[in-house]
Amino acid sequence: MGNKLDPLNVKYFKLVIPPQNLGKETLCDIAAKCILCGDSKKNPNKKRLHLYTKPSYRNDVIHCFNCGITFSSMYQFLKEVRPDLLNIYL
């Protein structure tokens with residue numbers, strides 16, 4: 001993949017995360033409010049769920065820096081969070 005996120009993964013990440021919960025976006029990282037833990041109760045602006053990639057990664061990774069949950073692929077993320085989108089993704 002290199003330093004850029006897979007456009008297909010970006011599309012499905014944005015389908016799962018409500019638009020108001022999306023945050024900063026770059027070519028290699030998208031921040032969002034975690035739909036599993038809800039992030040910080042103290043600061044509603046915190047967005048700690050990230051879809052990101054690094055040059056050494058084979059796949060884009062979804063990780064929450066608040067609750068610690070990690071999905072090593074978009075397939076795994078959709079299977080756990082939105083199984084109704086899984087067949088369309090494949």
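1. Let me start with a charged side chain. Lysine 14 has a relative accessibility of 34%, so this residue counts as partly exposed. Please keep in mind throughout that this is a predicted model.

2. Which residue does lysine 14 meet in a salt bridge? The partner is glutamate 25, with 2.9 Å from N to O. The two residues sit in distant parts of the chain, 11 residues apart: lysine 14 belongs to helix H1, while glutamate 25 belongs to strand E1 (residues 22–25). Glutamate 25 has a relative accessible area of 44%, so glutamate 25 too is partly exposed. As general background, side chains of opposite charge can pair when their charged atoms come close.

3. The count of salt bridges in the model comes to 2. Besides the pair just described, arginine 82 bridges to aspartate 84, and here the closest N and O atoms are 2.9 Å apart. Arginine 82 is partly exposed, because its relative accessibility is 27%.

4. On to the aromatic side chains, where the model holds 5 pairs. One of them joins phenylalanine 13 to phenylalanine 77: the ring centres are 6.1 Å apart and the planes meet at 35°, so this pair is tilted. Phenylalanine 13 lies in helix H1 (residues 7–16) and phenylalanine 77 in helix H2 (residues 74–81), so the pair links parts of the chain 64 residues apart. Are these two phenylalanines buried or exposed? Both phenylalanine 13 and phenylalanine 77 are buried. Ring pairs also bring in Phe71, and together Phe13, Phe71 and Phe77 form a cluster.

5. A second aromatic pair is worth a look. The centres of the tyrosine 52 and phenylalanine 65 rings are 6.2 Å apart, with the planes at 35°, so this pair is tilted as well. Tyrosine 52 is in strand E3 (residues 49–52), and phenylalanine 65 is in the loop between strand E4 (61–64) and strand E5 (70–71), 13 residues away along the chain. The two partners differ in their surroundings: tyrosine 52 is buried, at 14% relative accessibility, whereas phenylalanine 65 is exposed, with a relative accessible area of 52%.

6. Helix H2 deserves its own point, since Phe77 is one of its buried residues, alongside Met74, Leu78 and Val81. Why can these residues be placed on the same side of H2? They cover an arc of only 95° around the axis, which means that they share one side of the helix. On the other side of H2, Lys79 and Glu80 are exposed. What do the buried residues of H2 pack against? Their partners are H1, E3, E4, E5 and helix H3 (86–89).

7. Finally, the cysteines. How many disulfides does a search of the whole structure find? The search finds 0. Cysteine 34 is in no disulfide, and the nearest cysteine sulfur, that of cysteine 37, is 3.7 Å away. Cysteine 37 is likewise in no disulfide. The reason is the cut-off: a disulfide needs the two sulfur atoms within 2.5 Å. Cysteine 34 is buried, with a relative accessible area of 2%, whereas cysteine 37 counts as partly exposed at 24% relative accessibility.

Key. Residues numbered from 1 in each chain as written. Predicted model: local features only at pLDDT ≥ 70, side-chain atom pairs only at ≥ 80, totals over all residues. Heavy atoms only, no water. Phe/Tyr/Trp six-rings, centres within 6.5 Å; stacked < 30°, edge-to-face > 60°. Helix = DSSP H or I, 4+ residues; strand = E, 2+ residues; numbered from the N terminus. Buried < 20%, exposed > 50% of the residue type's maximum accessible area, 1.4 Å probe, protein only. Arc of directions from axis to C-beta. Contact = heavy atoms within 4.5 Å. Salt bridge = Lys/Arg side-chain N within 4 Å of Asp/Glu carboxyl O.
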